[in-house]
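Please open the model in a viewer and keep the selection panel at hand. The stops below proceed one selection at a time.

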Protein chains: 2
Amino acid sequence: MVDNSRVQRRDAYTVETLLAVTVRVFNERGYDGTSMEDLSRAAGISKSSIYHHVRGKEELLRLAVGRALDGLFGILDEPAATTGRAVDRLEHVVRRTTEVLAAELPYVTLLLRVRGNTATEQWALQQRRAYDHRVAELLAEAVRDGDLRSDIEPRLATRLLYGMINSLIEWYRPGPDEKSVQHIADAVTLLAFGGLRAP
Amino acid sequence: MVDNSRVQRRDAYTVETLLAVTVRVFNERGYDGTSMEDLSRAAGISKSSIYHHVRGKEELLRLAVGRALDGLFGILDEPAATTGRAVDRLEHVVRRTTEVLAAELPYVTLLLRVRGNTATEQWALQQRRAYDHRVAELLAEAVRDGDLRSDIEPRLATRLLYGMINSLIEWYRPGPDEKSVQHIADAVTLLAFGGLRAP
């Protein structure tokens, strides 16, 4: 029996649009708990149509977390992150990370929930550690410059800072108002660098 | 066939020690993904022995998240959280929340990962919202006193503040050094109130 609705929709997908459906299902059911059958049902195309685009579930994961990692590592290469005082570069990175998290919310959510059971998940965790390490290095440089406080160990400060930023995946839901992202990025930057206390 | 090893261990459990095993399994497999059979295997006692202590899986969840909630709400009733300036009460709450998170790590981890599929999970989410609301009220009071900055909306500030504190469940692992918790609580308090910038 041929399911015509599935056949017809096959060509409607690109890897990118298939990825959007995949990431939603991975975030709902967990990567481990998602089967190719689940993906086929969610996309409304047959499993063989999915295999036309990718080799399988793990390649979809690699592409999805790769998109989040490209967004995050891209920040570190931006001019404002590579020139100037370390404290200003860090402030740029903090603001842009908040923006990238909001823009790529489902992809970053998936990245931050990766557990490490497969080679691709191990690779994702390794990339996350490498990213955290580069931010911690930048923070340490700003401490050496005398611009940031020296009474919090840079690695611990980085963890707390990124704990604050990454919490967006728990409570931020995109709305029609683009300004709301800037509003949140402003708050994150003020709080991270100036703290809650009135200036 | 009677599994003697299971029968013998039955009396070794109290609700509290059974809960410790349960929470570990819930955190590893997720609440939805855990069966009574999984709990029986992890505890090394029969399912009927577990039913001797509790009515089932959902009661174990209620007891476990209840322990986390008791710890968190208990903070709000401490003398230093009920008398004095709002900013000082908030600082006490922030420090103590970090300590309670570290002390009750598996229980708070479970609470923070609850999804809301059952009545008990819905209740837990409602309690979390009530707790966040009380902290946001305290923060707003400190803003009105002029002690905290007024350019971040109190609800958003509370979310970012708790994002930072709650991130402990992702990276903190208890060690033999009791001082490390104080070290982290100091860092959280300094960062939250004073920010990263050198004073």
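Select A:K47 and A:E37 first: the two residues form a salt bridge, with the closest N and O atoms 3.7 Å apart. A salt bridge here is a side-chain nitrogen of Lys or Arg within 4 Å of a carboxyl oxygen of Asp or Glu. A:K47 belongs to helix α4 (residues 47-53) of chain A and A:E37 to helix α3 (residues 36-43) of chain A, so the pair ties together parts that are 10 residues apart in sequence. Helices are DSSP runs of H or I with at least four residues, strands are runs of E with at least two, and both are numbered from the N terminus. Over all chains, the count comes to 30 salt bridges.

This is a predicted model, in which local features need pLDDT of at least 70 and side-chain atom pairs count only at pLDDT 80 or more, whereas totals for chains, interfaces and linings use all residues; side-chain values use heavy atoms, without hydrogens and water. Residues are numbered from 1 along each chain as its sequence is written, and chains are lettered from A and ligands numbered from 1 in the order in which they are written.

Next, select residues 35-54 of chain A, which UniProt lists as "DNA-binding region" in an unreviewed entry; such annotations may be inferred rather than shown by experiment. This span is 75% helix and 0% strand, and its end C-alpha atoms are 14 Å apart. Widen the selection to residues 12-72 of chain A, given in the unreviewed UniProt entry as "domain: HTH tetR-type". Here the end C-alpha atoms lie 29 Å apart, and the span is 75% helix and 0% strand.

Now display both chains and select their contact (heavy atoms within 4.5 Å). Chain A and chain B each contribute 36 residues. About 3,300 Å² is buried between them, 64% of it from carbon and sulfur atoms; buried area is the accessible area (1.4 Å probe) that two parts lose on being put together, summed over both.

How many salt bridges lie between chain A and chain B? The count is two. Select A:E91 and B:R197 to see a salt bridge between their side chains (3.0 Å, N to O). On the side of chain A that touches chain B, the elements giving two or more residues are α2 (15-29), α7 (86-103), α10 (154-166) and α12 (179-194) of chain A. Of these, α12(A) gives the most, with nine residues.

Finally, compare the interface residues of the two chains: 100% of those of chain A are also interface residues in chain B, so the copies meet through the same surface.
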